[in-house]
Amino acid sequence: MKRLLALLVLVPAVLATGCASQTLLSAEDRTKLQHDLTTGPAAVRYLQASSYVTPFFGDASKRLLTPYPPEEVRLLNDTKGNPINPGPIQAMAPAGTKVRVLKVEFPTAWVMAERVLYSPRTQPWVYLDIEGVPAGPPVILVLPPQLKTPEDVKAELDRHLAEHDPAPKMAKFQQRFQEAIRQKKVLEYMPEGAVQMSWGLPERIRRTLDGTQVHQEWIYPGEKRRVYITDGLVTRVDEAPPATAK
């Protein structure tokens, strides 16, 4: 019996030491964030950009929310360092869709020990209920790793989920641009704010000046999609054709 008790104590200890915590936030900060972001009116938010729902890599008990097509997702790499595709698109939620924050989960040693190995287990996860998305496993928004303060967490959440309904902002765009946002398309002469609501923020932006004109090149993950913007309006869209199924 004594040996069995020793083993029961040893197993959790091994799990804890073999899976070091990947969060820099204190337990007090994590508890307060959980309360602040999941209770009351603050728990209700809106998608900043039209987003896809896909499988959650190797974890069949969850789904992923991402503004990028699955082939552009950069959350998990294989043993050779190549990005792993989380799986095919299951649903799409347009910008402005109402969501509710259900839980904010940080990658402590204990949490990571319970997460599926084949998942972005070292990053914070935000569990969401998304209006209009078919019922199924919980939908997860994955935040960047190593966020240092509660303000960092809130800022990252704000990049994806607006505190206020963006409908008034969207209503200022021409009708054809509003429809393009709902379909995750980018059109010529589209304002850059509408581009962001349709495709999400780019991975990189290159800016140049030509006299008084400001030129931007928005480059999305994988560099297969680029949007060229002059003085706030789209002048060209480069989009690689979808891969042909073999």
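In the predicted model, residues 1-17 have pLDDT under 50 throughout, and this segment makes four contacts beyond four places in sequence. Where pLDDT is low, the predicted coordinates should not be read in detail. For the protein chain as a whole, the average pLDDT is 91, with 90% of the residues scoring at least 70.

The strands of the model include eight that assemble into an open sheet of mixed pairing, arranged in the order S4-S2-S3-S7-S6-S5-S1-S8. The edges are occupied by strand S4 (91-93) and strand S8 (161-162); each has a single partner strand, so one side of each lacks a neighbour in the sheet. Within this arrangement, strand S6 (residues 125-130) pairs with strand S7 (residues 139-142) in the antiparallel sense, over four bridges. In this pairing, valine 126 is found opposite leucine 141 of S7.

Side chains of opposite charge can pair when their charged atoms come close. Across the whole structure, 14 salt bridges were identified. One of them joins the side chains of arginine 45 and aspartate 158, with an N to O distance of 2.8 Å. Because arginine 45 belongs to strand S1 (residues 44-47) and aspartate 158 to helix H4 (residues 150-160), this pair ties together parts that are 113 residues apart in sequence. The two partners were assigned to separate accessibility classes: arginine 45 counts as buried, at 3% relative accessibility, whereas aspartate 158 is partly exposed, with a relative accessible area of 28%.

Glutamate 105 takes part in salt bridges with lysine 103 and with arginine 115. In the pair with lysine 103, the closest N and O atoms are 3.5 Å apart. Lysine 103 is partly exposed, its relative accessible area being 32%, while glutamate 105, at 15% relative accessibility, counts as buried. In the pair with arginine 115, the side chains meet at 3.0 Å, N to O. Glutamate 105 lies in strand S5 (residues 98-105), and arginine 115 is located in the loop between helix H3 (109-114) and S6, so this contact ties together parts that are 10 residues apart in sequence. Both glutamate 105 and arginine 115 are buried. Elsewhere, salt bridges with shared partners connect Glu203, Arg204, Arg206, Glu217, Glu223 and Arg226 into one network.

Conventions
Residues numbered from 1 in each chain as written. Predicted model: local features only at pLDDT ≥ 70, side-chain atom pairs only at ≥ 80, totals over all residues. Heavy atoms only, no water. Pairing = 2+ DSSP bridges. Helix = DSSP H or I, 4+ residues; strand = E, 2+ residues; numbered from the N terminus. pLDDT = per-residue confidence, 0-100. Contact = heavy atoms within 4.5 Å. Salt bridge = Lys/Arg side-chain N within 4 Å of Asp/Glu carboxyl O. Buried < 20%, exposed > 50% of the residue type's maximum accessible area, 1.4 Å probe, protein only.
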